[in-house]
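Trainee: Please take a close look at a single part of this structure, and then show me how the rest is arranged. I should be grateful if each technical term were explained when it is first used.

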Amino acid sequence: YMSRATNSISDIIDGVTLNLRGAGTVSLDVETDLEAVKENIQTFVDQINTVRSLIQDYTKVTTTGSSVSTDSDSEQTQIGSLLTGNYGVQLISSRLKEAVAGTGIGFDWATDTFTSLSSVGIMTDAEEGSVTAGLLVIDEEALDAALEKDIDGVASLFSAYYEGSTNSSDFSYSSHIQGITEAGSYKVSYTVSGGAITSATINGHAAKISGNTILGQGMDNPENGLLLEVKNLTNGSYSGTAYMKLGKSGELINNLSDLTDDKSGPLAFLEDNYDDFTAMIDKKISYEEDRISL
């Protein structure tokens, strides 16, 4: 038996709150709302496609006229859009495509069921002339199969938060410092003598030892703040890999934060360059006006 001071109990079943209304016995079934999960994934894809469509519209090149050539010139004319060839927009497009198409940060094909969006049926339509060309499309059958196989794995792939794990039973993930520790895969090694940890490294850098824990350190090191708990304190040397996974939502959040920064983002640099270019043109105009007056 367990007793609580309130009829609303949330610390017995992870993720479930029980609201007790009377004495008695009841059977409780907890199921995942797969349709709600799929709706969230569809929203994720739709929002990415909104950005991709906007970039396509701002950078597209339209060809007009006949494809028949005369002896002198072709009768075709190519018309660029507002930001055709703009390197700032190209950088943004490239960064977002890499985030969407690449393997999740800290994910490993040997330990994770799903490591990329393509592994759950989300891919870019590469068919030229298609109405969805260049946009993400969902293979419903592949997504359903992924949800059926490992829904937690799908959730991890889309997560906006860090998730720590290891591939070894000798040590386990304990915690990390938000905003300091970076997502990634880290090689871990440690040595035990006399039942105590005598040396330890994370990512090849010396780690801080405290009791049965080892801590990544170094302001410039990505593993800074990663805390691991050593389970095996038998004399000997041990090694393995620690993972700080960041799902695609979190990866895109970080990318968008960098790309839209009003001081260091590519559009901010682009605006500064245009300001300098405009000032240079104004100066040249003033110079030429003086020449005309003379």
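Mentor: Strand β14 has two faces: Leu228 and Val230 lie on the covered one, whereas Leu227 and Glu229 lie on the uncovered one. In a regular strand the side chains alternate between the two faces of the sheet. The names follow a fixed rule: helices (H or I, at least four residues) and strands (E, at least two) are DSSP runs, numbered from the N terminus. Please note that this is a predicted model, in which local features need pLDDT of at least 70 and side-chain atom pairs count only at pLDDT 80 or more, while totals for chains, interfaces and linings use all residues. Residues are numbered from 1 along each chain as its sequence is written, and side-chain values use heavy atoms, with hydrogens and water left out.

β14 covers residues 227-230 and pairs with β13 (residues 213-215) in the antiparallel sense over three bridges; two strands are said to pair if DSSP finds at least two bridges between them. Within this pairing, Glu229 of β14 is the bridge partner of Thr213. β14 also pairs with β8, again in the antiparallel sense, over four bridges. Here Val230 of β14 is the partner of Phe171. Glu229 thus belongs to the uncovered face and Val230 to the covered face.

These pairings belong to an open sheet of four strands, whose order is β8-β14-β13-β12 with antiparallel pairing. Because β8 (171-175) and β12 (208-210) stand at its edges with a single partner strand each, one side of each has no neighbour in the sheet. On average, neighbouring strands of this sheet are turned by 30° against each other, direction ignored.

There is also an open sheet of five strands, in the order β7-β15-β9-β10-β11, with antiparallel pairing. Its edges are β7 (162-166) and β11, and since each has a single partner strand, one side of each is left without a neighbour in the sheet. β10 and β11 run antiparallel and are joined by two bridges, and His205 in β11 is the bridge partner of Ile202. The loop between β10 (196-202) and β11 (205-206) contains Asn203. Phi of Asn203 is near 60°, a positive value in a residue other than glycine. Asn203 has a relative accessible area of 30% and is therefore partly exposed; buried means under 20%, exposed over 50%, and partly exposed in between (1.4 Å probe, protein chains only).

Let us turn to the helices. Helix α1 (residues 34-59) packs against helix α4 (residues 151-158) at an angle of about 25°, with the axes 12 Å apart. Axes are lines fitted to C-alpha atoms, for helices over the stretch in contact, and angles run from 0 to 180 degrees between N-to-C directions. α1 and α4 are therefore roughly parallel, since angles under 35 degrees count as roughly parallel, over 145 as roughly antiparallel, 65 to 115 as roughly perpendicular and the rest as oblique. The contact (heavy atoms within 4.5 Å) is made by Leu34, Val37, Ile41 and Phe44 of α1 and by Ile151, Val154 and Phe158 of α4. These divide into seven nonpolar, no polar and no charged residues; Ala, Val, Leu, Ile, Met, Phe, Trp, Tyr, Cys and Pro count as nonpolar, Asp, Glu, Lys and Arg as charged, and the others, Gly among them, as polar.

α1 also packs against helix α3 (residues 140-149), at an angle of about 130° and with the axes 12 Å apart. The two helices are therefore oblique to each other. Leu34, Val37, Lys38, Ile41 and Gln42 of α1 meet Glu140, Leu143, Asp144 and Leu147 of α3. That contact comprises five nonpolar, one polar and three charged residues.

Residues of this region reappear around Ile138, which lies in strand β6 (residues 136-138). Leaving aside neighbours within four places in sequence, Ile138 is in contact with Ile41, Gln42, Val45, Gly121, Ile122 and Leu143. Its relative accessibility is 19%, so Ile138 counts as buried.

Finally, helix α2 (residues 87-101) and helix α6 (residues 266-293) pack at an angle of about 175°, with their axes 9 Å apart. They are therefore roughly antiparallel. Tyr87, Gly88, Leu91 and Ile92 of α2 make the contact with Pro266, Leu267, Leu270 and Asn273 of α6, a set of six nonpolar, two polar and no charged residues.
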